[in-house]
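Please open the model in your viewer and keep the sequence panel beside it. The tour below moves from one selection to the next and says what is found at each stop.

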Amino acid sequence: MVSPHRLRLFLLTVPSLVLAAPAANFVPTTDSNCNCFLTNLTSRSYFSHHKFFDFRELSQYVSVPDPINSQEGNANADVTSSYFSSVNWTSAWVIQNWDNSDKLGTPGVDATLLKVNSPNNIYIEKNADYARDRSSTYMTMRTVRHENFQSAAEFESLSKNYHFLSMRMKARTRGAPGAITSMFTYRPSPDGTLASLQESDLEVRTMDPRNKISYTNQPAYSEDGETNPKASENATVGRSSWDDWQYHRMDWTPGSSSWYVDGVLVASSTFQTPRDPSTVLFNVWSDGGSWSGNMTVGAEAYMQVQWIEMLYNKTDSDVGGGPNTNAAGSCKSVCSVDLGRTIGTPVLVSNGGQGGQACAAAKYGQCAGKTWNGCIACAGSAECKYQHDYYSQCL
C-alpha cells in the first residue's frame with residue numbers, strides 16, 4: 001500500500017524538471033513500464049496504478065433497450081450487452097439492482113418515490129454526432145419516471161479500497177428536470193452515524209442551470225437536518241455546459257479534494273476530505289425528493305460517457321515495491337497520462353536510477369518508444385526525435 005508518507009517521498013525524490021520537456025518528446029508506453037503516474041494542473045500528485053475504460057468504439061455492443069415498466073422486471077433485468085459481462089468490465093465494476101424501499105418514510109428521508117436500480121438502464125449507444133465528437137459510441141446511464149416508481153442506473157467499483165485517486169470522465173448530462181447524474185467516492189459509516197460517513201461527490205442536477213455543478217464532501221448536513229455550508233460548493237463553470245461534452249476530473253489526495261472541468265479548477269476543499277479506502281461509484285437517479293426533484297411520468301434523463309480514467313493507489317492488491325522501485329521507495333519510472341497525445345495512453349517522463357534522477361542517452365541513441373524503458377533525455381544539445389511508435393532517437 002502507498003501511504004501518505006510515501007506519496008510525499010515520491011514528490012521529493014522525482015525532479016520536477018521532467019515536466020518542463022515539451023510534450024512532443026514524450027512517446028507512448030504501457031502501464032507495465034510505469035512505476036508511478038504524475039498528474040498535472042494545480043496540484044501535482046503521484047499515483048501507483050492506472051485504469052482506462054473506453055466506450056468510444058464499441059459498435060458491436062450497441063443495444064438501446066426499452067424501459068421496463070415493472071419494479072421486479074427492472075431489478076431482475078439482465079445486462080444489456082455482452083460488454084457488461086466481459087472480463088474488462090466485471091474485473092472492475094458491479095452493476096447495481098437494489099432499491100430504496102427500506103428508506104422510504106424513515107426520519108430524515110424526504111424521498112417520495114420507490115427508486116429501483118436496473119441493469120436495463122446501462123447500455124452502449126451509437127453516437128449520432130460522430131463527425132464532431134470522433135466517438136462512434138458511448139455508454140449511457142438512464143433514469144426513467146414510471147407511473148409508481150423511478151428506475152435508475154448505478155455501478156460501483158468491485159474494490160472498496162481505493163485510497164487516493166485522480167478520477168476522470170468525458171461525459172454529458174441530458175434529459176428532463178428532476179434527475180441527478182454523479183461520479184463519487186463512498187465509504188459507509190462504520191457505526192451508523194452520519195458524522196463518520198466519508199463521501200466526495202460531483203453531481204449534476206437537471207433542474208439547475210446548465211453551467212452549474214454541485215461538489216460536496218459529505219455529510220452536507222447534521223443528524224438534526226442542519227446544513228453545513230462548508231461541505232458543498234455549487235460551482236458555475238463559465239460558458240461550459242453540462243449538456244455538452246465536458247472533461248470532468250476529481251483529485252482526492254491526502255487532506256484535499258479538487259474538481260476540474262475541461263482542465264480548469266472549479267472547486268476545492270480541505271473540509272471533510274475522505275481519509276480511508278473507499279468505493280468508486282457512478283449513478284443516474286431520482287427519488288422525488290427535494291434534492292433531485294420529481295420527474296414527470298414518462299420523462300427520462302441520461303448521463304452519456306465516452307470514457308472513464310482512474311489513477312489511484314491502494315486497492316485490494318497492495319501496491320508495494322516492485323521491480324521498478326528503488327531501495328529508497330521512490331519512483332524510478334515516472335509516467336503521465338496528461339502529457340501525451342492520446343487519451344488513456346501513458347507516456348514515460350522520467351526513468352532514472354537511484355532517487356529517480358533522469359539519465360541521458362548519447363547522441364544517436366534511443367530515447368523513447370512504446371516498449372522503451374531506458375533513458376528518455378538526450379545528452380548535450382541533442383533532442384529526442386520521434387521516428388515511429390517504437391523508436392525515437394537523440395539527434
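Which residue in S7 is the bridge partner of Ile124? In S7, that partner is Met139, and the stop on S6 below shows the setting of this bridge.

Before selecting anything further, note that this is a predicted model, in which local features need pLDDT of at least 70 and side-chain atom pairs count only at pLDDT 80 or more, while totals for chains, interfaces and linings use all residues. Residues are numbered from 1 along each chain as its sequence is written, and side-chain values use heavy atoms, with hydrogens and water left out.

**The whole chain**

Colour the chain by secondary structure, and 4 helices and 25 strands can be traced; helices (H or I, at least four residues) and strands (E, at least two) are DSSP runs, numbered from the N terminus. Of the 395 residues in the chain, 54% are buried, where buried means under 20% relative accessible area, exposed means over 50%, and partly exposed lies in between, with a 1.4 Å probe and protein chains only. Among contacts between residues at least 6 apart in sequence, 69% join residues at least 24 apart, a contact being heavy atoms within 4.5 Å.

**Strands S6 and S7**

Select residues 122-126, which make up strand S6: 4 of these 5 residues are buried, so the strand is largely enclosed by the rest of the structure. Add residues 137-145, strand S7, which runs antiparallel to S6 and is joined to it by 5 bridges; two strands count as paired if DSSP finds at least two bridges between them.

**An open sheet and the disulfide**

Next, select the 4 strands that form an open sheet in the order S2-S1-S19-S20, with mixed pairing. The edge strands, each pairing on one side only, are S2 (46-47) and S20 (347-351). Strand S19 (residues 333-336) pairs with S20 in the antiparallel sense over 4 bridges, and within this pairing Val334 stands opposite Ser350.

Stay on S19 and show Cys34 and Cys335, which form a disulfide with their sulfur atoms 2.1 Å apart; the cut-off for a disulfide is a pair of cysteine sulfur atoms within 2.5 Å. The structure holds 1 disulfide, and with -85 degrees about the S-S bond the link of Cys34 and Cys335 is left-handed. Cys34 lies in the loop between helix H1 (4-13) and strand S1 (36-38), whereas Cys335 is in strand S19, so the pair ties together parts that are 301 residues apart in sequence. Cys34 counts as buried at 8% relative accessibility, and Cys335 is also buried, at 0%.

**Aromatic rings**

Now show the side chains of Phe, Tyr and Trp, among which a search of the whole structure finds 18 aromatic pairs; rings (for Trp, the six-membered ring) pair if their centres lie within 6.5 Å, and planes under 30 degrees apart count as stacked, over 60 as edge-to-face and the rest as tilted. Trp93 and Phe282 form an edge-to-face pair, 5.8 Å centre to centre with 80 degrees between the planes. This pair links distant parts of the chain, since Trp93 is in strand S4 (residues 93-95) and Phe282 is in strand S17, 189 residues apart. Both are buried, Trp93 with a relative accessible area of 2% and Phe282 with 0%. Widen the selection to Phe53, Phe55, Tyr61, Tyr83, Phe84, Trp89 and Phe155, which together with Trp93 and Phe282 form one aromatic cluster.

Two other rings have a charge over them (NZ of Lys or CZ of Arg within 6 Å of the ring centre and within 35 degrees of the ring normal). The charged end of Lys115 sits over the ring of Trp285, 4.8 Å from its centre, and Arg205 lies over the face of Trp291, at 4.2 Å from the ring centre.

**Loops beside S16**

Finish with the loops on either side of S16. Asp262, in the loop between strand S15 (256-261) and S16, is partly exposed at 42% relative accessible area and has a positive phi near 50 degrees. Gln272, in the loop between S16 and S17, is partly exposed at 24%, with phi near 55 degrees. Most residues other than glycine have a negative phi.

Ser278 is found in the loop between S16 (264-269) and S17 (279-285), and it counts as buried at 1% relative accessibility. Leaving aside residues up to four places away in sequence, Ser278 touches Ser159, Lys160, Asn161, Tyr162, Thr185, Tyr186, Arg187 and Trp252.
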